[in-house]
Amino acid sequence: MNAKTDIKPQHNCIAIALAAAQAQMGKALKSANNPHFKSKYADLASVVDACMPSLNAHGIAVIQPTTDEESGRFVETILIHGESGETLKCRVPLIVQKNDMQGYGSAVTYARRYGLMSMAGIAPEDDDGNDAARAAPKEQAQPRLLTPDQFIKLRDKIEEAEVPEDKVLKRYGAPSLQQFPAIKFDAAMKSLNATIAEKAQPENADLDGDEIPQHEDA
């Protein structure tokens, strides 16, 4: 009598492997509590439990590194198919509410959760879009941030004016240049240009770089 052996499925491309894995996935269970909305949601652990066993069984590994670019910070979700070497990728922006490690960690966990759900094609149990509808007004209330081009221009202008970056951030109420409100971009550029012009005048040659001249139109 021959012993029974388990034969692992073989797939020659990542699309076939992912389709086979998705056929075996369940929904992400809403097991964590959200005290703000007094509701349950599917946390990262639930999402991993729902999709990772099937992905791994069909030869797909998952990595989620963080990236930091001029356009912003992201969590990149990458599905790697071991047999073919093919990959699928997506990026979720990191929206950090608090400028500390706790805020950063929460943003990374949030981005990993949504990146993995998107790539695996799974949804929380009984998800009808109500959570997104409730969150929509809060998203709209967030101030628009600098575009990549504005970010570069403001950074370079601060260096040209020889003004400490933290002084500019404090004056305009921004935690960082990445979170600088776009609505204040023109005023900041105008003020910095005025600072550069004033320093160029002979009577202002000894102006301290730590000082930001106050201009009524800024």
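Let's start on one helix: in α5, the residues Gln150, Phe151, Leu154, Lys157, Ile158 and Ala161 are buried. They cover an arc of only 135° around the axis, and that puts them on the same side of α5. If you wonder why residues scattered along a stretch of sequence can end up side by side, remember that an α-helix has 3.6 residues a turn, so residues three or four places apart point the same way. And what does this buried side of α5 face? Its buried residues pack against α6 (165–171) and α7 (185–200).

Keep in mind that you're looking at a predicted model. You can still check whether α5 has the length you'd expect from a helix. It covers residues 148–161, which makes 14 residues, and at 1.5 Å a residue it should span 20 Å. The C-alpha atoms at its ends are 20 Å apart, so the expectation and the model agree. Just after α5 comes glutamate 162, with a positive phi of about 55°.

Now zoom out. The protein chain has 7 helices and 6 strands. Going from the N terminus, their order is α-β-β-α-β-β-β-β-α-α-α-α-α. The chain has 218 residues, and 34% of them count as buried. About 13700 Å² of the chain is exposed, with carbon and sulfur atoms supplying 52% of that area. What about contacts between parts of the sequence that lie far apart? Among contacts with a separation of 6 or more, 55% are between residues 24 or more positions apart.

Next, find strand β5, residues 72–81. This strand is mostly covered, with 8 of its 10 residues buried. Which strands does β5 pair with? One of them is β3 (residues 60–63), which pairs with β5 in the antiparallel sense over 4 bridges. Here you can spot isoleucine 63 opposite isoleucine 78 of β5.

Strand β4 (residues 66–69) also runs antiparallel to β5, and 4 bridges join the two. They form a hairpin with 2 residues between them. Two of the pairings are easy to trace: glutamate 69 has glycine 72 of β5 as its bridge partner, while threonine 67 is matched with phenylalanine 74 of β5.

Then there's β6 (residues 87–93), which pairs with β5 in the antiparallel sense over 7 bridges. Look for threonine 77, which stands opposite cysteine 90 in β6. The hairpin of β5 and β6 has 5 residues between the strands, and in this hairpin glycine 85 takes a positive phi near 80°.

Finally, let's look inside. In soluble globular proteins, nonpolar side chains tend to be buried together. The largest nonpolar core here has 20 residues, and the members that touch the most others are Met25, Cys51, Leu55, Ile60, Leu79 and Ile122. Which elements give two or more residues to this core? They are α1 (14–22), α2 (44–57), β3 and α3 (101–120). The largest share, 5 residues, comes from α2.

Apart from this core lies another one, of 17 residues, including Ile158, Val163, Ala188 and Met189. That brings you back to where you began, as Ile158 is one of the buried residues of α5.

Technical notes. Residues numbered from 1 in each chain as written. Predicted model: local features only at pLDDT ≥ 70, side-chain atom pairs only at ≥ 80, totals over all residues. Heavy atoms only, no water. Buried < 20%, exposed > 50% of the residue type's maximum accessible area, 1.4 Å probe, protein only. Contact = heavy atoms within 4.5 Å. Areas by Shrake-Rupley, 256 points an atom, 1.4 Å probe, with all protein chains shown as cover. Expected span 1.5 Å × (residues − 1). Arc of directions from axis to C-beta. Pairing = 2+ DSSP bridges. Core = buried A, V, L, I, M, F, W, Y, C linked by side-chain atoms within 4.5 Å.
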